[in-house]
Amino acid sequence: MIRHAVAEGWLVVRSRPVVSLVLAVVVAVPVSLAGVTISVRQWLAPVVDLGDRESVVVVLLHPRLDDGERAAWLETQARSHPEWRLRAVAPDELARRLGEWFPYLAGILDREGPDMLPAMVEVATVDPEGVARLAGERAVLAVGPTSSVNRVVSRAARRLSVVLLAMAAAVVTGAVLLAAVWVHLELHRHAEEIAIMRLMGATESTVRGPFLVAVAVPSLIAAVLSVLATAGAVAWLARLAAPFGLAAGAPPAALLAAQAVGALGLPLAAAVLTLERHAADREE
């Protein structure tokens, strides 16, 4: 029975080489795309946290506030926002930072002293947009940027990975439907042969075997192609990422195994469901 299924299934594949090749490619491409996306996410996770991460927002207080008023303002914010971590930056430290960032200010800072600078407070929070509401308070001179570079990169990485995985899922769905339609058309194409086989007492497994083999061949090719494409693409990206210090490496073996199982199993599952539906329609 197995020999018959393999022989007849191979004849189906040989009679439809273009369809077999297209099915293999449309399965391999999205599966490998998903594998590369997951691998890159693992590289980026230690560098740009793809989850929520604290950002530091700078708040400048009005120079007219005296030390007591500044301390009271800090106490009020700490009590109102216990989730924030506030740190008052000393004037000397602020002057040093400005001297490093803007060397042309060094002379002015040396001549006037750090007392001319407004008080600065650093607010560490996972909700930097909430700090922006302080801009309307009387004691606040200005609020710094609420989106750090890390936060912007993290947000972009999350969105890109979601888009790529959604594209992969959409193309895989199309590949599964292609496998189902192909089996459906082949069942109608061989309807007379199938009817004769059933009249002669052939079992349902004997009837279905060739079609499962016909789908398994391009699925197996897709599994091999997806693993090779993922390994090659990840190795190429790892070489590009090396100068940036990313923890780039080979894709996990479990990921490659999952890709192979998915590329092989999804079209076969579509074929099995189509054959089951065909058998149910025949019984009715």
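Which residue in β4 is the bridge partner of Leu-61? I looked this up and found Val-140. I note here that the model is predicted.

**Entry: the β1 and β4 pairing**

I took β1 as residues 55-61 and followed its contact with β4. The two strands pair in the antiparallel sense, over three bridges. The Leu-61 and Val-140 pair belongs to my notes on this side of β1.

**Entry: the whole sheet**

I then wrote down the strand order, which is β2-β3-β1-β4. These four strands form an open sheet, and the pairing is antiparallel. I marked β2 (85-89) and β4 (140-143) as the edge strands, since each pairs on one side only. I also looked up the turn between neighbouring strands, which is 25° on average with direction ignored.

I asked what packs on the sheet, and found helix α3, residues 67-80. Helix α3 touches β1, β2, β3 and β4. Its direction makes about 165° with that of β2.

As a general reminder to myself, strands of a sheet pair through backbone hydrogen bonds, either parallel or antiparallel.

**Entry: β3 and its two partners**

I went to β3 (120-125) next. On one side I have β1, joined to β3 by six bridges, with the two strands running antiparallel. β2 is joined to β3 by five bridges, again antiparallel.

Which residue of β3 stands opposite Val-58? I found Glu-122. I then looked up Arg-87 and found that its bridge partner in β3 is also Glu-122. I therefore list Glu-122 with both Val-58 and Arg-87.

**Entry: cover of β3**

Are the residues of β3 buried or exposed? I found the strand mostly covered, with six of its six residues buried. I sorted them by the way they point: Met-120, Glu-122 and Ala-124 go one way, and Val-121, Val-123 and Thr-125 go the other. The general rule I had in mind is that side chains in a regular strand alternate between the two faces of the sheet. Glu-122 is among the buried residues.

**Entry: nonpolar patch**

I left the sheet and looked at the surface. Leu-220, Val-224, Leu-228 and Leu-264 make a nonpolar patch of about 350 Å². Helix α9, residues 204-241, gives the most to this patch, with three residues. I placed Leu-264 in helix α10, residues 253-283.

Why does Leu-264 count as partly exposed? Its relative accessibility is 30%, and the class runs between the buried limit of under 20% and the exposed limit of over 50%.

Terms used
Residues are numbered from 1 along each chain as its sequence is written. This is a predicted model: local features need pLDDT of at least 70, side-chain atom pairs count only at pLDDT 80 or more; totals for chains, interfaces and linings use all residues. Side-chain values use heavy atoms; hydrogens and water are left out. Two strands pair if DSSP finds at least two bridges between them. Axes are lines fitted to C-alpha atoms, for helices over the stretch in contact, and angles run from 0 to 180 degrees between N-to-C directions. Contact means heavy atoms within 4.5 Å. Patches are made of residues with over 30% relative accessible area and no salt bridge: like charges are joined within 9 Å, nonpolar side chains (Val, Leu, Ile, Met, Phe, Trp, Tyr) within 5 Å. Accessible areas come from the Shrake-Rupley method with a 1.4 Å probe; for residues, only the protein chains shown count as cover. A salt bridge is a side-chain nitrogen of Lys or Arg within 4 Å of a carboxyl oxygen of Asp or Glu. Buried means under 20% relative accessible area, exposed over 50%, partly exposed in between (1.4 Å probe, protein chains only).
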